[in-house]
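Student: I should like a close look at a single part of this structure, with its surroundings described in a connected account. Please proceed from local backbone geometry to packing and side-chain pairing.

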Amino acid sequence: MVTVPAVARVRATRARDENALLPNSGKGGRGAFWLYLIPGFVLFTVVILVPLLWNIYLSFTEWRGIRPPIWIGFDNWVELVQDTKFWTSFGNSIAMIVAMVIVPTLLGLLLAAMLFDLVGKKFGGRLASFLRATYYLPQILPVAVAAIVIGWILRPENGALNTVLKAVGLGSLQHNWLGSPDTALLSIMFVMVWVQLGYPVVIFMAALQRVDPELYEAAELDGANWLQRFRWITVSIIRPEIFVVTLTCTIAALKVFGPIYTLTRGGPGTSTIVPSYYSYSEFFQNQQVGYGATIATALTVVVVIVTIVFIKAQNRAERAESER
């Protein structure tokens, strides 16, 4: 017969053995726990921290990449404030925010709600999943491949768009879409809407999985139409995901580079130039490494400020929601 003290001793022995296996048990265990953070810290230091500090230092120097950098203080920053080309590139970034944040987020909300609430219920989840994957396809295409496709479509001589316009009797609308200053930026914006749309659709459809279907049923019984259910239920519940999508897309819009490089190289003139490409051109084309580093540092500061503003806005919204 097993006595109670014997059972207690067995349980105590097992608990002691299990605690010995935990990484935070004892002083040595706590030290071992921090060892797991060393690879991440080393990668962060080598890949992010050291290049960032070096870039900030170069922004106060004049350097062409060969001889040692020459310290010139705030001369690059004074030049940047007076540089109309930089402000033009920053204005084009605002257009990229419209094309990569505002339009895709709004359209993504509507499409995700329609796929989840209408298509999924009437035609089945497979069709909704297929359409979701179709919208997301441009996100997984390499930038070079997407640029080749878009360049073929918008080619002025025999591009698909001009060919279709001519075929349907609208030849007067044929245009050099990427080679004309009045349409180049709009064409890039249209391309970025196409590329970026799938990301919010996927995120919002995943967020809708946690919405209680009884809320929609109750609202429908109360006479709420689809738009009212979308506004008061869908948007309200997936607000955290909306903040995440808006923040990540805004950062992507501010530092967009690939489509500009592959399609227009910032031209014609400066009609499609953005800060990231302007920094690249100063680095590698004009060999003004110090000034290119100044542009990159200024862009980093803008990204950090935008991130802080979004996080504070999200925290304020969550506090207001919890106080209701």
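Tutor: In this predicted model, Q287 adopts a positive phi of about 55° just after helix 15. The helix that precedes Q287 spans residues 275-285, and its buried residues are P275, S276, Y277, Y278, S279, S281 and E282. These buried residues of helix 15 pack against three partners: helix 5 (84-123), helix 14 (258-263) and helix 16 (289-323).

Elsewhere in the chain, the structure contains one salt bridge. It joins the side chains of E241 and R210, with an N to O distance of 2.7 Å. E241 belongs to helix 13 (residues 239-254), whereas R210 sits in the loop between helix 10 (198-208) and helix 11 (213-221), so the pair ties together parts that are 31 residues apart in sequence. The two partners also have their own accessibility values. E241 has a relative accessibility of 18% and counts as buried, because the cut-off for that class is under 20% relative accessible area. R210, with a relative accessible area of 46%, is partly exposed.

A further buried position is S187, whose relative accessible area is 10%. S187 is part of helix 9, which covers residues 184-196. Leaving aside residues up to four places away in sequence, S187 touches L154, W177 and L178.

Note on methods
Residues numbered from 1 in each chain as written. Predicted model: local features only at pLDDT ≥ 70, side-chain atom pairs only at ≥ 80, totals over all residues. Heavy atoms only, no water. Helix = DSSP H or I, 4+ residues; strand = E, 2+ residues; numbered from the N terminus. Buried < 20%, exposed > 50% of the residue type's maximum accessible area, 1.4 Å probe, protein only. Contact = heavy atoms within 4.5 Å. Salt bridge = Lys/Arg side-chain N within 4 Å of Asp/Glu carboxyl O.
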